[in-house]
Amino acid sequence: ADHHEAGEVEATIHAFYQEIQAAEFEKAFSRFALGASGYLPFGVLREIPTEEIRQAVIAAYSEEFEEGDLRLTPQYIKVTTHGPVALATFLVQGRVLQLEDDEQRQVVQRVSMVWQSTDSGWKIVHYHVSFSDDQVGEDD
């Protein structure tokens, strides 16, 4: 059963990043459990304790980003399951719109996510995103 569950989590990770790229933030952020916490690069601990906060996060992303602004692809996904909990580690490569100068920058991120199996599918309960030391260089 563990291999099947690991495959479900990996498919859910791919779907999450496809939703982010398509600016389907309502769908993407529905994958976070209420109470989820995590770190983004350069950030303090972020939490989504209530539905009201989740809706505020969705509104902020919707205001700042359009389809294609966040082109992120998860790679080298490794998932280990521990009963109803799964740990996923992977790299994300892609291009992110830099809001201050309206230019796309290439990024490589290291990501760890803790997922919990629920009646409505796998939900993110904790995440950590950091930039890789070896960032991809600029295009010519």
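In which strand is His82 found? Select His82 to see: the residue belongs to strand S3, residues 70–82. Before going further, note that this is a predicted model.

**The whole chain**

Show the full protein as a cartoon. It contains 3 helices and 6 strands, and their order along the sequence is α-α-β-β-α-β-β-β-β. The C-alpha trace spans about 45 × 35 × 25 Å along its principal axes. The radius of gyration is 15 Å, which agrees with the value near 14 Å for a compact globule of 140 residues.

Switch on the surface. The accessible area of the protein is about 8,200 Å², and carbon and sulfur atoms hold 50% of it. Of the 140 residues, 35% count as buried. Colour the charged side chains next: 10 are positive and 25 are negative, with the centres of the two sets 3 Å apart. Among contacts between residues at least 6 apart in sequence, 50% join residues at least 24 apart.

**Between the helices**

Select Ala23, in the loop between helix H1 (2–21) and helix H2 (25–29). Its phi is near 60°, a positive value in a residue that is not glycine. Most residues other than glycine have a negative phi. Ala23 counts as partly exposed because its relative accessibility is 25%, which falls between the cut-offs of 20% and 50%.

**Strand S3**

Return to S3 and select Tyr76, which lies in this strand. Tyr76 also has a positive phi, near 55°, without being a glycine. Is Tyr76 buried or exposed? It is exposed, with a relative accessible area of 66%.

Now go back to His82. His82 is exposed as well, since its relative accessible area is 53% and the cut-off is over 50%. Add Gln116 to the selection: 34 residues separate His82 and Gln116 in sequence, while their C-alpha atoms are 9.7 Å apart in space.

**From S3 to S4**

Select S3 and S4 together. The two strands pair in the antiparallel sense over 11 bridges. At Leu70, look across to S4, where Val96 stands opposite. S3 and S4 form a hairpin with 2 residues between them, and Gly83 in the turn has a positive phi of about 65°.

**From S4 to S5 and S6**

Add S5 to the view. S4 (residues 85–98) and S5 (residues 103–118) run antiparallel and are joined by 14 bridges. Which residue in S5 is the bridge partner of Thr89? It is Ser112.

Then add S6, residues 121–131, which pairs with S5 in the antiparallel sense over 10 bridges. These two strands also form a hairpin, with 2 residues between them. Gln116, already selected with His82, has Lys123 in S6 as its bridge partner.

**A buried stop: Val111**

Finish at Val111, placed in strand S5. Val111 counts as buried because its relative accessibility is 2%, and buried means under 20%. Show what surrounds this residue. Leaving aside neighbours within four places in sequence, Val111 is in contact with Tyr17, Ala88, Thr89, Phe90, Val92, His128 and Val129. Thr89 in this list is the residue whose bridge partner is Ser112. As a last selection, add Arg46: its C-alpha atom is separated from that of Val111 by 15 Å, and the two residues are 65 apart along the chain.

Conventions
Residues are numbered from 1 along each chain as its sequence is written. This is a predicted model: local features need pLDDT of at least 70, side-chain atom pairs count only at pLDDT 80 or more; totals for chains, interfaces and linings use all residues. Side-chain values use heavy atoms; hydrogens and water are left out. Helices (H or I, at least four residues) and strands (E, at least two) are DSSP runs, numbered from the N terminus. The radius of gyration is taken over C-alpha atoms; the globule rule is 2.2 Å times the number of residues to the power 0.38. Buried means under 20% relative accessible area, exposed over 50%, partly exposed in between (1.4 Å probe, protein chains only). Contact means heavy atoms within 4.5 Å. Accessible areas come from the Shrake-Rupley method with a 1.4 Å probe; for residues, only the protein chains shown count as cover. Lys and Arg count as positive and Asp and Glu as negative; His and the chain ends are not counted. The place of a charge is taken as NZ of Lys, CZ of Arg, CG of Asp or CD of Glu. Two strands pair if DSSP finds at least two bridges between them.
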